[in-house]
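Reader: Hey, I've just opened this one and I'm new to it. Can you walk me through a few spots?

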Number of protein chains: 2
Amino acid sequence: MNRVFVAGIGQTKFGKLKDKTLTDLIEEAGALAIQDSTLAKERIQAAYVGNFNGQQLGGQGHLGPLVTETLEISSIPAMRIEAACASGGLALLQGANAIRSGLYDVVLVGGAEKMTHRTTGDVTGAIASAMNYELEASTGLSFPGSFALIANRYFEQYGDAKEAMAQAAVIAHDNALKNPHAQMQKAVDIDTVLSAPYIADPIGLYDCSLVSDGAAFMVLVSEKVAEEIRPQASLVEVAGSGHGGDALTLAGKDNITSFNATLQAASQAYAQAGITAADVDLAEVHDCFTITQIINIEDLGFFPKGEGGAAILEGRTRIDGGMPINTSGGLKAKGHPIGATGISQGIEIVLQLRNQAGERQVKNPRIGLTHNLGGTAATCVVTIYKALDQ
Amino acid sequence: MNRVFVAGIGQTKFGKLKDKTLTDLIEEAGALAIQDSTLAKERIQAAYVGNFNGQQLGGQGHLGPLVTETLEISSIPAMRIEAACASGGLALLQGANAIRSGLYDVVLVGGAEKMTHRTTGDVTGAIASAMNYELEASTGLSFPGSFALIANRYFEQYGDAKEAMAQAAVIAHDNALKNPHAQMQKAVDIDTVLSAPYIADPIGLYDCSLVSDGAAFMVLVSEKVAEEIRPQASLVEVAGSGHGGDALTLAGKDNITSFNATLQAASQAYAQAGITAADVDLAEVHDCFTITQIINIEDLGFFPKGEGGAAILEGRTRIDGGMPINTSGGLKAKGHPIGATGISQGIEIVLQLRNQAGERQVKNPRIGLTHNLGGTAATCVVTIYKALDQ
């Protein structure tokens, strides 16, 4: 199996970007990634694009050739991958696997979503398409509702985690303040979070991730191309990838306080990279809600089951806390332009492993992990990145 | 590279299926494919699902886990692949490539679309999401309009093909009459086709494919599993796959009377299968409009450029004509439930290579090809199937 390297990264600022269309976002982030790779764009052989719902949010499907035409590389094969909020991570996995298998040497992977200032569509309806329409969305179930059920079940099994959830939000806002690409640029204190109105008890306003516009792209290359560009490009290895699945419905799952899809994806990714959770220096995990962060950092093996909340309260997930989580600000404060999220998580890890993360730089990290979840934990993609030995 | 085999096939009837939901269609076709494979469903390791637009047509995205939960195999990784009308063919290609690379030994590939009797969405808007929204759909361009421009340009380069287009429709209806799964079950004569109202000059009512509900699934296996089940299962090899791309917009293409995406995909698939166009015994090609069939059978190398129409008028594409095209009835008369189409084309070829095509059986075919196009020829997938030596 061939090795895979990230040769270039590019992303837009995340936010409510009134003046940017979906195509504008793709153009900006795609061009940055190609430029950063030091490769001529004609070297790109295929494109894998994560997009959750351009169709309901703007009448735009078929994003593979939309991306290639926008970036003026339209004579190559391209496809859209959709797995709800894990669309970006899964596009990256498909691109990495295409290189691993020897199919291509240079691929573009990316994701984009335009969720605000649209001319068509309804955001709430569009987001609900990530769950089962017939059995869930059409009855009025929402994602805050689903994750509130998960949180309440978690509280019953492991004790109340409301304060830990709030502290996760506080840390996310602190980190986002150090990230110029982040949507949310204000600190909050724990009392503000705890006294905010409920969206779905026990999930309050500050426990929820954001509605965002944004795009993120990467150029992935094989070892052969990596050797060629190594003098000028700043390479990071994609050392392991895992893809797990579970029932689409909440009711169809055996366990909702530990996600089967995460366990599967993590186990594959750790095995492929030849590491364990203890080797991971920092991670970007899918905090669509603060309770999800707690469950994820336990499922990934960073903390024992039921102890994720305590670790957050102790400051262990802060940038200098020993096990930094979501140094970018996460979905919670960096923002969540759905299809772009999985790629953007990887870009944060690449920046950290390149020591280019500025004010939020973790001290000399060697191995980073991203965790990207889709729907009510029905899809999970875990990716492990390694810094190259100098 | 590992070899790939079709072990099981299953599809619903195509049509306006008032009493069937999207989930019903998936359940029926998926269960048939698994049963036909003779494998226990627990052997399936991953699922690749082609769906064009469940989101605008029914509020349903995230079709990977929708399929796995519906078929009670929900603990495996699954994803939706979207490339407009080529979504099904591309899901098949991704599944086949996963086996070729050694990632899995047993995968489910399939496609489904519910286009009629919906509770949400608008079909015309949903279909238009396969083109560029900002530059094309929002200005009022439609697919019949796009392919009318293509037809008129073709007429200018190669002469009027209106009668050949009509004859393609007549043959498609004749073939569909012999296919119990086909939506259209009536013969038409050439005068009826030629005198039908125009949708977009020169494309008349009978030059257009259908709006349909339907699902189609296949179980693909590696050589190792193929050897194990060979005594009981009826195997066909997936001998070659190709994926080509072009600009999303009509205006962005260098040539609109020969499709670059088809040329690329065909060249890859022929090379991988180690054959040429002359070796192909029959083909299912993407006849979204009758003019498209003419262009496709030229681009695939079955007939010289500009001579596809004459071949149709001479009866050479009929079941007994020497180069049978769309024995199933094609998109034109079998129907076009978009995400299912690419898989269903493959099922027709498998039935023919198994000598199970009933009244429409071609005499002893050994090699069949499918051609699945997305949008205004912005994506193409070509797949080559080989009968096994007895």
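Author: Sure. Let's start with a cysteine: Cys208(A) has a relative accessibility of 12%, so with the cut-off for buried set at under 20% it counts as buried. Keep in mind that this is a predicted model.

Reader: Which cysteine sulfur is nearest to that of Cys208(A), and how far away is it?

Author: The nearest one belongs to Cys288(A), 9.3 Å away, and Cys208(A) is in no disulfide. A disulfide needs the two sulfur atoms within 2.5 Å, so a pair 9.3 Å apart doesn't qualify.

Reader: How many disulfides are there over all chains, then?

Author: Zero, counted over all chains. Take Cys288(B): the nearest cysteine sulfur is that of Cys85(B), 6.8 Å away, and Cys288(B) is in no disulfide.

Reader: And is Cys288(B) buried or exposed?

Author: Buried, with a relative accessibility of 8%.

Reader: OK, switching topic. What's up with strand 4 of chain B, is it enclosed or open?

Author: That strand covers residues 106–113, and eight of its eight residues are buried, so it is largely enclosed by the rest of the structure.

Reader: Which residues sit on which side of strand 4 of chain B?

Author: On one side you have Val106(B), Leu108(B), Gly110(B) and Ala112(B), and on the other Val107(B), Val109(B), Gly111(B) and Glu113(B). Both faces are covered, with all of these residues buried. As background, side chains in a regular strand alternate between the two faces of the sheet.

Reader: Which strands does strand 4 of chain B pair with?

Author: One is strand 2 of chain B, residues 46–50, which runs parallel to strand 4 and is joined to it by five bridges. In that pairing, Tyr48(B) has Val109(B) as its bridge partner. Another is strand 7 of chain B, residues 214–222, which pairs with strand 4 in the antiparallel sense over eight bridges. There, Gly110(B) stands opposite Phe217(B).

Reader: Nice. Now the loops: where does Thr317(B) sit?

Author: In the loop between helix 12 (308–313) and helix 13 (330–333) of chain B. Thr317(B) is buried, at 1% relative accessibility.

Reader: What does Thr317(B) touch?

Author: Setting aside residues up to four places away in sequence, its contacts include Ile171(B), Ile297(B), Phe303(B), Met323(B) and Pro324(B).

Reader: And where is Ala378(B)?

Author: Ala378(B) is in the loop between strand 10 (367–374) and strand 11 (379–387) of chain B. It is buried too, with a relative accessible area of 1%. Leaving out neighbours within four places in sequence, Ala378(B) contacts several residues of chain B, including Gly244(B), Asp246(B) and Lys253(B), along with His62(A) and Pro65(A) of chain A.

Reader: So the chains meet there! How many residues of each chain are in contact?

Author: 56 residues of chain B are in contact with 56 residues of chain A. Between them the two chains bury about 3900 Å², with 46% of that on carbon and sulfur atoms.

Reader: How many salt bridges cross the interface of chain B and chain A?

Author: Two. One of them joins Arg80(A) to Glu82(B), with the closest N and O atoms 2.8 Å apart.

Reader: Last one: what rotation superposes chain B on chain A?

Author: A rotation of 180 degrees, with 0.0 Å of shift along its axis and an RMSD of 0.0 Å. That is the relation of a two-fold axis. The same surface serves both copies, with 100% of the contact residues of chain B recurring in chain A.

Note on methods: Residues numbered from 1 in each chain as written. Chains lettered and ligands numbered in written order. Predicted model: local features only at pLDDT ≥ 70, side-chain atom pairs only at ≥ 80, totals over all residues. Heavy atoms only, no water. Buried < 20%, exposed > 50% of the residue type's maximum accessible area, 1.4 Å probe, protein only. Helix = DSSP H or I, 4+ residues; strand = E, 2+ residues; numbered from the N terminus. Pairing = 2+ DSSP bridges. Contact = heavy atoms within 4.5 Å. Least-squares fit on C-alpha atoms with pLDDT ≥ 70 in both. Buried area = accessible area lost by both parts, 1.4 Å probe. Salt bridge = Lys/Arg side-chain N within 4 Å of Asp/Glu carboxyl O.
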